[in-house]
Amino acid sequence: MNYSSDEDLSEQDKRSIDLHSRVETTDKQVVLTPGKLLLKSWLNRSFRVVMTDGRLLIGVFLCTDADANVILGMCSEYTEDGGEERILGLVMIPGRHIVSMEVDMSGQQFEA
């Protein structure tokens, strides 16, 4: 998988984000901030999360919150000693336990 950071977004991805940057409401338009647009572009994409205890979690990014907690769907766990895959399903990862996160922008988004 080709994991990248926000600096590695292609021009097509950036244009796609621009097209969806406005949310219609009944009485006014709300413009999303660049950070929210970036998060929106990551929805339903494959994520790799390294945790403080060395575990690696790979799953589909579903949501986050103000405390940097992350929810991954269809998640699998790998231990740092190269153990076998352990299928977890839906997981919530506390933000305080996240060392790093990577998003796979090369593939297509999973259907919600």
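Start with the aromatic rings: by the pairing rule used here, the count comes to 2 aromatic pairs. Keep in mind that this is a predicted model.

One pair brings together Trp42 and Phe47, which meet edge-to-face, with 5.6 Å from centre to centre and 70° between the planes. Trp42 has 14% relative accessibility, so it counts as buried. Phe47 is buried too, because its relative accessibility is just 1%. Phe47 also pairs with Phe61: the ring centres are 4.7 Å apart and the planes sit at 20°, so this pair is stacked. Phe47 belongs to strand S4 and Phe61 to strand S5, so the stacked pair links distant parts of the chain, 14 residues apart. Both Phe47 and Phe61 are buried. Put the ring pairs together and you get a cluster of Trp42, Phe47 and Phe61.

Now zoom out to the nonpolar core. The largest one has 15 residues, and Trp42, Phe47 and Phe61 are among those with the most contacts inside it, along with Val49, Leu57, Leu72 and Ile93. Helix H2 (34–42) gives two or more residues to this core, and so do strands S4 (46–51), S5 (56–64), S6 (70–78), S7 (86–93) and S8 (98–104). Leu72 is a good residue to click on. Leaving aside its neighbours within four places in sequence, Leu72 is in contact with residues including Phe47, Val49, Leu57, Phe61, Leu90, Val91 and Ile93.

Next, the charged residues. Side chains of opposite charge can pair when their charged atoms come close. This structure holds 4 salt bridges. In one of them, Arg48 joins Glu102, with the closest N and O atoms 3.7 Å apart. Arg48 lies in strand S4 and Glu102 in strand S8, so this bridge ties together parts that are 54 residues apart in sequence. Arg48 counts as partly exposed because its relative accessibility is 26%, and Glu102 is partly exposed as well, with a relative accessible area of 30%.

Then look at Glu77, which forms a salt bridge with Arg55, the closest N and O atoms being 2.7 Å apart. Here Glu77 sits in strand S6 and Arg55 in the loop between S4 and S5, 22 residues apart. Is Glu77 buried or exposed? Its relative accessible area is 5%, and the cut-off for buried is under 20%, so Glu77 is buried. Arg55, at 28% relative accessibility, counts as partly exposed. Glu77 also forms a salt bridge with Arg86, where the closest N and O atoms are 3.0 Å apart. Add Asp53, and you have a network of salt bridges linking Asp53, Arg55, Glu77 and Arg86.

Note on methods. Residues numbered from 1 in each chain as written. Predicted model: local features only at pLDDT ≥ 70, side-chain atom pairs only at ≥ 80, totals over all residues. Heavy atoms only, no water. Core = buried A, V, L, I, M, F, W, Y, C linked by side-chain atoms within 4.5 Å. Buried < 20%, exposed > 50% of the residue type's maximum accessible area, 1.4 Å probe, protein only. Helix = DSSP H or I, 4+ residues; strand = E, 2+ residues; numbered from the N terminus. Contact = heavy atoms within 4.5 Å. Phe/Tyr/Trp six-rings, centres within 6.5 Å; stacked < 30°, edge-to-face > 60°. Salt bridge = Lys/Arg side-chain N within 4 Å of Asp/Glu carboxyl O.
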